[in-house]
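This briefing walks through selected features of one protein chain, grouped by topic. Please keep the sequence and the structure in view while reading.

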Amino acid sequence: MPLTALTLLFVSLLLADICVRLWLASRQIRHVARHRDQVPPEFAPRIGLASHQRAADYTVARMRLGMLERVYDAVILVALTLLGGLQAIDLLVAQVTSHDLLRQLLLLGSVALLLGLLGLPFTLWRQFRLEARFGFNRMTPGLFAADLAKGLVVALLLGTPLAAAILWLMAEAGALWWLWAWGLWTLFNLLLLFIYPTFIAPLFNKFTPLTDPELAGRIKQLAQRCGFALNGLFVMDGSRRSAHGNAYFTGFGKARRIVFFDTLLARLNPDEIEAVLAHELGHFAKRHIIKRIALSFGAALLFFAVLGWLAQQPWFYEGLGVLPRLDGRNDAMALLLFFLAIPVFTFMLTPVASWYSRRDEFEADRYAATQSSPDRLVSALVKLYDDNAATLTPDPVHSAFYDSHPPAAVRIRHLTQAA
């Protein structure tokens, strides 16, 4: 592929990405604003107009911030690739060390740190302005800084050995290095599934055993009915950071545990908690988690195979604004270019992933209706929509493109029919 062809394709897809995102966001803003002053009839008995308007305003604010952020991210992407940013960083790092592996690790680390710093303004604004404006933020600047520092340490401890191993494989494992790298990446992610609940998550949140014996008994019975081998019931101090509520199960094998946000327990009654958990266990019972993991591993295999081919093509580097080094290896640069560019080339697949996710959500809802009660799940969902300021009137096109969960009205309608 000629240089100009790749560059033009990249620029064309990036412009299409930006235009589609901005168009969808504009549709969402107009649709939500248009329905701001009237609660949908199916929610009117349970959600007041003030709450509905708050959700609409929250949605519009997030959409507007997201539009700015996407344009900002696109400018950074072009600056790093076509305008020579990665090339300049690579030359600068080469002046620090002549050791090939260390140079490449420093290149990866420098770009990751730069991207983190460039994204920090939007993260801070979202947390301390937007979320605070709507009453969701409970995080202090000190806690934010502590989380940031711990996240950086964890990333260094886990990411550096993985990156070094992949770079070594690229240099030493021959033409099929990408297959060995994919195997290593797969094992690394499986290991994370086991160690995250026990070793990583407690670094950021406090997990205490559920102390309500009646609720714990009901949940254990539900888990037993669903064939879920349970290792523990825990409450997470989510209220330290946010007023949003949630529940989830995590881990595999003996590390399986069910985790409730303390904000969720404070808002829902035991019947509703059981219904929400039945939905989550529906994902387990219908093997959604296993299927998604297998799908992600399959996609990763494809990506590694494509990267294995592209890394050997000079036009791949030149078409994205980098001159390949003749005095050293370009493996780290290939990784950076690929993972910076791949979202642009795969963005139009977003609706497919969203549809697949919504299909699983409907199936988990139907499962929860059989294990608990559709009325209880409806009651819980309405409370969660209200508490989390989720819009009840999303734009249908925006929702079909992005939403991993069905729109509120559609989801409630399906559960009502099940009842």
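The points below cover the nonpolar cores, two backbone positions, one helix residue and the annotated spans.

The model is a predicted one. Its largest nonpolar core has 45 residues, and a second, separate core has 43 residues.

**Nonpolar cores**

- Within the core of 45 residues, the members with the most contacts inside the core are F43, L210, I219, I258 and F260.
- The elements that each supply at least two residues of this core are the helices α7 (213–225), α9 (270–285), α13 (350–371), α14 (374–387) and α16 (408–418), together with the strands β2 (233–236), β3 (247–250) and β4 (257–261).
- Helix α14 gives the most to this core, with 7 residues.
- Leaving out residues up to four places away in sequence, L210 touches L215, A216, I219, L233, F234, V235, F260 and L265; I219 and F260, which appear in that list, are also among the residues with the most contacts inside the largest core.
- The second core, of 43 residues, is separate and includes L162, L169, L310 and W315.

**Backbone positions with positive phi**

- R287, which is not a glycine, has a positive phi near 60°, and this residue is found in the loop between α9 and α10 (288–310).
- R287 is exposed, because its relative accessible area of 56% is over the 50% cut-off.
- A389, likewise a residue other than glycine, has a positive phi near 55° and is found in the loop between α14 and α15 (396–402).
- A389 counts as buried, because its relative accessibility of 2% is under the 20% cut-off.

**A buried serine in α15**

- S399 is found in helix α15, and at 3% relative accessibility S399 counts as buried, because that value is under 20%.
- When neighbours within four places in sequence are left aside, S399 is in contact with R358, P394 and P407.

**Annotated spans**

- An unreviewed UniProt entry lists residues 6–24, 71–93, 105–128, 148–171, 177–196, 293–312 and 332–356 under "transmembrane region".
- One of these listed spans, 148–171, is 100% helix and 0% strand in the model, and its end C-alpha atoms lie 33 Å apart.
- Another listed span, 293–312, is 90% helix and 0% strand, with end C-alpha atoms 29 Å apart.
- L162 and L169, which belong to the second core, have positions within the listed span 148–171, and L310 of that core has its position within the listed span 293–312.

Key. Residues are numbered from 1 along each chain as its sequence is written. This is a predicted model: local features need pLDDT of at least 70, side-chain atom pairs count only at pLDDT 80 or more; totals for chains, interfaces and linings use all residues. Side-chain values use heavy atoms; hydrogens and water are left out. A nonpolar core is a set of buried Ala, Val, Leu, Ile, Met, Phe, Trp, Tyr and Cys residues joined through side-chain atoms within 4.5 Å. Buried means under 20% relative accessible area, exposed over 50%, partly exposed in between (1.4 Å probe, protein chains only). Helices (H or I, at least four residues) and strands (E, at least two) are DSSP runs, numbered from the N terminus. Contact means heavy atoms within 4.5 Å. UniProt positions are given in the numbering used here, feature names are shortened, and annotations may be inferred rather than shown by experiment.
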